[in-house]
Amino acid sequence: MNTAKVLEQSPGPGRLEPVLVVTAPKLPAERLDQLRRSIARQLRERLWVVPDGVRWSVELLPVGAEAVLLRAADPPPEVSGQEQEDVPRKEAAEKRRILERLQAYRRDKGLGCFGPVAAKCRRWKVTPELLRSALFEGGAISMEQLRAVDRALDKIRSEEGQLHEADMEKA
């Protein structure tokens, strides 16, 4: 497998920015470069048709890098077809679970509740607008961001539990 990473240049060394990571089947170098250029062109046109056999994700990487093409040194170990099918299914189930948990939190806390959640996962560039878009409009949110939201909800519930216990002790 070859991995092509497309990074956009922006100021602020040391900061992390979301980056599209595309994993394609083993291809010759010129075909990989052609694929990278094609993807970049389609993204500029705001429409990318993902070819069969190509996987993608959004990851946080340091800013300031030019477009990079990386070739995997060793191919990953062969995975059975069943295991390959299970990974997207498991991620989909995890995404559904976290979004349902966020929706329950929203029902419980009401308007303005996404601010504290976003504040607890600033490192992952989670904003209240991103949470609203993901929950109510089906907007794109990466698994890393969703996992950060899950951890933030754990922290908030833990803090609320500690506050509730302190109130009980005073009474």
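Student: What makes the part of the chain that holds Asp 150 a helix?
Tutor: Asp 150 lies in helix α5. A helix here is a DSSP run of H or I with at least four residues, a strand is a run of E with at least two, and both are numbered from the N terminus. α5 covers residues 143–170, so it passes the helix cut-off.

Student: What kind of model is this, and how are its residues numbered?
Tutor: It is a predicted model, where local features need pLDDT of at least 70 and side-chain atom pairs count only at pLDDT 80 or more, while totals for chains, interfaces and linings use all residues. Residues are numbered from 1 along each chain as its sequence is written, and side-chain values use heavy atoms, with hydrogens and water left out.

Student: How do you know whether Asp 150 is buried or exposed?
Tutor: Check its relative accessible area, which is 13%. Buried means under 20%, exposed means over 50%, and partly exposed lies in between (1.4 Å probe, protein chains only). Asp 150 is under 20%, so it counts as buried.

Student: Which residues does Asp 150 touch, and what makes that a contact?
Tutor: Leaving out residues up to four places away in sequence, Asp 150 touches Arg 97, Ile 98 and Arg 101. Contact means heavy atoms within 4.5 Å.

Student: Why is the pair Asp 150 and Arg 101 called a salt bridge?
Tutor: The N to O distance between their side chains is 2.5 Å. The pair links distant parts of the chain, with Asp 150 in helix α5 and Arg 101 in helix α2, 49 residues apart. A salt bridge needs a side-chain nitrogen of Lys or Arg within 4 Å of a carboxyl oxygen of Asp or Glu. The 2.5 Å value is within that limit, so the name fits.

Student: Is Arg 101 buried or partly exposed?
Tutor: Arg 101 has 25% relative accessibility, so it counts as partly exposed.

Student: What makes Lys 120 and Glu 159 a salt bridge?
Tutor: Their side chains meet at 3.1 Å, N to O, so this pair also passes the cut-off. Lys 120 is in helix α3 and Glu 159 is in helix α5, 39 residues apart. Lys 120 is partly exposed at 32%. Glu 159 is partly exposed at 37%.

Student: Where do Glu 160 and Arg 157 lie?
Tutor: Both lie in helix α5, three residues apart, about one turn of the helix. Their side chains form a salt bridge at 3.3 Å, N to O. Glu 160 is partly exposed at 25%. Arg 157 is partly exposed at 36%.

Student: Which residues do shared partners join into one network?
Tutor: Salt bridges with shared partners join Arg 97, Arg 101, Asp 150 and Asp 154. The whole structure holds ten salt bridges.

Student: How many disulfides are there, and how do you know?
Tutor: A search of the whole structure finds zero. A disulfide is a pair of cysteine sulfur atoms within 2.5 Å, so no pair met that limit. Two cysteines are buried: Cys 113 at 4% and Cys 121 at 3%.

Student: What makes a group of residues a nonpolar core?
Tutor: It is a set of buried Ala, Val, Leu, Ile, Met, Phe, Trp, Tyr and Cys residues joined through side-chain atoms within 4.5 Å. The largest one has 23 residues, and Leu 102, Val 117, Cys 121, Val 126, Leu 131 and Val 149 touch the most other members. Helices α2, α3, α4 and α5 each give two or more residues to this core. The largest share, seven residues, comes from α5. A second, separate core has eight residues, including Leu 20, Val 22, Leu 32 and Val 54.

Student: Why do such side chains group together?
Tutor: In soluble globular proteins, nonpolar side chains tend to be buried together.

Student: Why is Gln 145 called buried?
Tutor: Gln 145 has 14% relative accessibility, so it is under the buried cut-off. Gln 145 lies in helix α5. Its side chain reaches the backbone nitrogen of Ser 142 at 3.0 Å. Leaving aside neighbours within four places in sequence, Gln 145 is in contact with Trp 124, Lys 125, Val 126 and Leu 130.

Student: How many helices and strands does the protein have?
Tutor: It has five helices and four strands. From the N terminus, the order is β-β-α-β-β-α-α-α-α.

Key:
Polar contact = N/O pair within 3.5 Å; in protein donor to acceptor, adjacent residues only side chain to side chain.
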